[in-house]
Amino acid sequence: MEKEIRRYRNALVTDGIGIVYFVIWSIIKIVLNVVKESSDFIESFRKTISDSDERSETAIIIFLIIAFVVFVTFILFLQLYIGLSAYKEGINGKKGNIYLVAAVIMMLINCLGMTLYFIPEYIADEISFSNIVAFFIDLTTVLILLDMIHSAIMSRKLSKQLEK
C-alpha cells in the first residue's frame, strides 16, 4: 500500500510540474489570440465609440488593457497555484481541497474551449494544422489535470486506509 501511495504522490509531483510548464503554453496562446483578433476588435471598437471624443476613447482602451492584464494574470496565477499545490501535496502529503476544485473548474473550461477549435465561426475556412496542434496541447492539459485529480484522491484514500 505504501508503494501505491508513493506512486500516486510521484504522479502528483509530475502533474504539478506539467501544469506549471503549461502556463507557458497559456501565455503563448493568449498572446497569439490577442494578436490574431486585435485588428477586428479594434475596428469594431472604433465603430462603436465613433461618437465619443478622443480622450474617452483612450480611457476606454486603457481600461480594456488593464482588465485584460488582470484577467490573464488571474488565469496564470490560478494555473500556477494548481500546479504548485499538486507538487507540494506530492512531496508533503495532503495540501487541501481548494486546488482540486480549481483544477476541476479549469479542466471544464479547457474542455469547453477545445470545442471552439472545430466550430466554423471560430476558425478560418478550414481546420488548420495549428488548430490541431493547439487542440492536442489543450487535450494534454486536460489529461494532466484529470490524472492529478485522480492521483490526489487515491493518495488520500490510501493514506487514510494506511492510518487505520
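Glu-89 is buried in this predicted model. Its relative accessibility is 1%, and the cut-off for a buried residue is under 20%. Glu-89 belongs to helix H2, which spans residues 54-92.

Two polar contacts involve the side chain of Glu-89. One is made with the side chain of Tyr-99, at 2.6 Å. The other is made with the side chain of Arg-156, at 2.9 Å. Both Tyr-99 and Arg-156 also appear among the residues that Glu-89 touches. With residues up to four places away in sequence left out, the remaining contacts of Glu-89 are Arg-9, Leu-12, Lys-94, Lys-95, Gly-96 and Ala-152.

Aromatic rings were examined next. A pair of aromatic rings is described by the distance of the centres and the angle of the planes. The structure contains 1 aromatic pair. Phe-135 and Phe-136 form this pair, with ring centres 5.4 Å apart. Their planes meet at 80 degrees, so the arrangement is edge-to-face. The cut-off for that class is over 60 degrees.

The two rings belong to residues with separate burial classes. Phe-135 has a relative accessible area of 18% and is therefore buried. Phe-136 has a relative accessible area of 46% and is therefore partly exposed.

A charge also sits over a ring in the model. The charged end of Arg-7 lies over the ring of Tyr-8. Its distance from the ring centre is 4.7 Å.

Technical notes. Residues are numbered from 1 along each chain as its sequence is written. This is a predicted model: local features need pLDDT of at least 70, side-chain atom pairs count only at pLDDT 80 or more; totals for chains, interfaces and linings use all residues. Side-chain values use heavy atoms; hydrogens and water are left out. Rings of Phe, Tyr and Trp (its six-membered ring) pair if their centres lie within 6.5 Å; planes under 30 degrees apart count as stacked, over 60 as edge-to-face and the rest as tilted. Buried means under 20% relative accessible area, exposed over 50%, partly exposed in between (1.4 Å probe, protein chains only). A charge sits over a ring if NZ of Lys or CZ of Arg is within 6 Å of the ring centre and within 35 degrees of the ring normal. Helices (H or I, at least four residues) and strands (E, at least two) are DSSP runs, numbered from the N terminus. A polar contact is a pair of N or O atoms within 3.5 Å; within protein, one must be able to donate a hydrogen and the other to accept it, and residues adjacent in sequence count only if both atoms are side-chain atoms. Contact means heavy atoms within 4.5 Å.
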